[in-house]
Amino acid sequence: MELKNCMEEVVQDKMDIVLEQYPSCCRCEQCRSDIAALALNQLPPRYVSTRKGDVFVRVSEMTTEGEVTVIQAIAKAIEIVSKNPHHTTKS
Ligand SMILES: [Zn+2]
């Protein structure tokens with residue numbers, strides 16, 4: 001048995017959609033991890049127990065309201081990261 005935070009997958013999933021609205025935001029691995037971490041810290045975790053070999057955990061119980069909260073948390077995280085990227089911008 002292992003524990004998995006469903007919220008991580010939801011954030012990864014929605015991040016690209018939210019990033020489309022921020023064309024100036026850096027999309028490198030470093031910034032994406034920073035955005036995910038910041039967003040996840042604002043969101044309640046959703047742990048599920050999975051057995052090894054289980055393919056994907058469905059997040060079907062996610063409500064529209066829950067989705068809005070996730071999107072807002074990602075948008076906030078993108079704004080923070082694009083203002084303070086953890087690396088120097090290559091121009
Ligand atoms: Zn970057």
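The largest nonpolar core of this predicted model holds 19 residues, and Val11, Ile35, Val70, Ile74 and Ile78 touch the most other members. Each of α1, α2 and α3 supplies at least two residues of this core. The greatest contribution comes from α3, with seven residues. Such an arrangement may be read against a general tendency: in soluble globular proteins, nonpolar side chains tend to be buried together.

Ile78 illustrates the packing in detail. Leaving aside residues up to four places away in sequence, Ile78 touches Val18, Leu19, Tyr22, Cys25 and Ile35.

**Overall fold**

The protein chain contains three helices and two strands. Along the sequence these elements follow the pattern β-α-α-β-α. Of the 91 residues in the chain, 29% are buried. Among contacts with a separation of 6 or more, 85% are between residues 24 or more positions apart. The accessible surface of the protein chain comes to about 6600 Å², and carbon and sulfur atoms account for 50% of that area.

**The zinc site**

The zinc ion has four protein donors, namely the SG atoms of Cys26, Cys28 and Cys31 and the NE2 atom of His87, at 2.0 to 2.3 Å from the ion. The angles among the four donor atoms are 92 to 120°, and the site is tetrahedral. For comparison, the ideal angle at a metal with four tetrahedral donors is 109.5 degrees.

In sequence, the donor residues have the spacing C-x1-C-x2-C-x55-H. Cys26 belongs to the loop between α1 (6-19) and α2 (29-42), whereas His87 lies in the segment after α3 (64-83); the pair therefore ties together parts that are 61 residues apart in sequence.

**Cysteine and histidine accessibility**

Two of the zinc donors and one further cysteine, Cys6, are set out below with their relative accessibility.

| Residue | Relative accessibility | Class |
|---|---|---|
| Cys26 | 30% | partly exposed |
| His87 | 27% | partly exposed |
| Cys6 | 4% | buried |

Cys6 is classed as buried because its relative accessibility of 4% falls under the 20% limit. Cys26, at 30%, lies between the 20% and 50% limits and so counts as partly exposed. The value of 27% places His87 in the partly exposed class as well.

A search of the whole structure for disulfides finds zero. The SG atoms of Cys26, Cys28 and Cys31 instead appear among the protein donors of the zinc ion.

Conventions: Residues numbered from 1 in each chain as written. Predicted model: local features only at pLDDT ≥ 70, side-chain atom pairs only at ≥ 80, totals over all residues. Heavy atoms only, no water. Donors = N, O, S within 2.8 Å, 3.2 Å for Na, K, Ca; no water. Tetrahedral: all angles 85-135°; square planar, octahedral: opposite > 155°, others 65-115°. Helix = DSSP H or I, 4+ residues; strand = E, 2+ residues; numbered from the N terminus. Buried < 20%, exposed > 50% of the residue type's maximum accessible area, 1.4 Å probe, protein only. Contact = heavy atoms within 4.5 Å. Areas by Shrake-Rupley, 256 points an atom, 1.4 Å probe, with all protein chains shown as cover. Core = buried A, V, L, I, M, F, W, Y, C linked by side-chain atoms within 4.5 Å. Disulfide = S-S within 2.5 Å.
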